[in-house]
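Please report on the fold of this protein for someone at the bench. Cover the sheets, the helices, the nonpolar core and a few single residues.

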Amino acid sequence: DVGPVRVHDAYKEVAESYSFESSYRLDSEGAYTLKLTERDIAERPVISLGDRWTAQLYFDNVTKEIFAIRMLRNDILLKHQPYKVVYRGTLPLQEVLDEKAWGKIEDGMEAQILSITNGVRALHDAGPLLEHEEASFVAYAHSRDMDQNNYFSHYSQNGDGLKERLGEIFFLSSLLRHTTLKFLPHLFVLSLLPVANRRKGFQRPF
């Protein structure tokens with residue numbers, strides 16, 4: 001919960017209390033302004049939590065209710081740049097990370113995706129998903145193939161899909177790992193909810 005804003009609050013009610021604007025200034029960090037699209041305002045508007053903190057409100061575009069709230073410092077928000085940034089001067093320098101550091105980040109992102117997914121499932125009274133080592137290995141191999149051959153698809157270059165790669169194994173964690181390097185974890189989960197068959201997968205009580 002963020003003060004008077006809570007998970008399950010309706011978009012209309014929250015919008016009456018907060019002004020969801022297309023421009024959001026980060027004065028604490030300098031001359032930076034976030035520019036939100038109409039879709040951003042509908043699905044993930046931002047509200048101020050004081051001088052240096054911001055909350056992103058994630059709305060389910062089917063139920064029109066908040067399903068997640070992300071709180072972060074403005075300097076971190078600026079580094080992530082989840083929206084278009086208009087600024088004067090220069091953007092903060094991005095830290096150069098070595099392979100070991102990236103490995104830790106990727107592991108953390110995978111854990112976040114699983115955690116966020118289970119959070120969404122809990123809202124629908126569905127049990128948690130668990131990691132599946134074999135499915136994860138198959139999915140990682142597909143991610144590496146996409147990276148090495150510069151393409152992005154659920155299908156391999158030989159036409160094999162998820163079913164063929166996994167054989168008889170159907171496990172959501174494999175789908176999650178396909179996209180780990182392409183999205184921030186919360187955006188990945190958000191991107192799947194509007195798709196009917198994937199939405200059912202998130203909520204299915206295995």
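Which residues are buried in α4? They are M109, E110, I113, L114, T117, N118, V120 and R121. Buried means under 20% relative accessible area, exposed means over 50%, and partly exposed lies in between, with a 1.4 Å probe and protein chains only.

This is a predicted model, in which local features need pLDDT of at least 70, side-chain atom pairs count only at pLDDT 80 or more, and totals for chains, interfaces and linings use all residues. Residues are numbered from 1 along each chain as its sequence is written, and side-chain values use heavy atoms, with hydrogens and water left out.

**Helices**

Helices (H or I, at least four residues) and strands (E, at least two) are DSSP runs, numbered from the N terminus. The expected span of a helix is 1.5 Å times one less than its number of residues. The table sets α4 and α5 against that value.

| Helix | Residues | Number of residues | Expected span | Distance between end C-alpha atoms |
|---|---|---|---|---|
| α4 | 99–123 | 25 residues | 36 Å | 36 Å |
| α5 | 133–149 | 17 residues | 24 Å | 24 Å |

For α4, the end-to-end distance agrees with the expected span. The same check on α5 also agrees. After α4 comes D125, with a positive phi near 60°. After α5 comes N150, and its phi is positive too, near 55°.

α5 has a buried side. A135, S136, A139, H142, S143 and M146 are buried there. They cover an arc of only 125° around the axis, so they sit on the same side of α5. The arc is taken from the directions that lead from the helix axis to the C-beta atoms. An α-helix has 3.6 residues a turn, so residues three or four places apart point the same way. The face of α5 turned away from the buried side carries exposed residues: E133, E134, F137 and Q148.

N149 also belongs to α5. It counts as partly exposed because its relative accessibility is 37%. Its side chain makes a polar contact of 2.7 Å with the side chain of D145. A polar contact is a pair of N or O atoms within 3.5 Å; within protein, one must be able to donate a hydrogen and the other to accept it, and residues adjacent in sequence count only if both atoms are side-chain atoms.

**The β1-β2-β6 sheet**

Two strands pair if DSSP finds at least two bridges between them. One open sheet has 3 strands in the order β1-β2-β6, with antiparallel pairing. β1 and β6 stand at the edges with a single partner strand each, so one side of each has no neighbour in the sheet. The twist averages 30° from one strand to the next. Axes are lines fitted to C-alpha atoms, for helices over the stretch in contact, and angles run from 0 to 180 degrees between N-to-C directions.

β1 (residues 23–25) pairs with β2 over 3 bridges. R25 faces T33 in β2. The β1 and β2 hairpin has 6 residues between the strands, and G30 there takes a positive phi near 125°. On to β6 (residues 84–87): 4 bridges join this strand to β2. T33 stands opposite V86 in β6, and K35 has K84 as its bridge partner.

**The β3-β4-β5 sheet**

Another open sheet of 3 strands has the order β3-β4-β5, again with antiparallel pairing. β3 (46–48) and β5 (66–73) are the edge strands; each has a single partner strand, so one side of each is left without a neighbour in the sheet. Neighbouring strands are turned by 25° against each other on average, direction ignored.

β4 (residues 53–59) and β5 share 7 bridges. Q56 pairs with R70, and F59 pairs with I66. Their hairpin has 6 residues between the strands, and K64 in it takes a positive phi near 65°.

Where does T54 sit? T54 is in strand β4. It counts as buried because its relative accessibility is 0%. Its side chain makes a polar contact with the side chain of Y24, at 2.7 Å.

**The nonpolar core**

A nonpolar core is a set of buried Ala, Val, Leu, Ile, Met, Phe, Trp, Tyr and Cys residues joined through side-chain atoms within 4.5 Å. The largest has 20 residues, and F20, L26, L34, L36 and L57 have the most contacts inside it. β2 (32–35), β3, β4, β5 and α3 (74–80) each give two or more residues to this core. β4 gives the most, with 3 residues.
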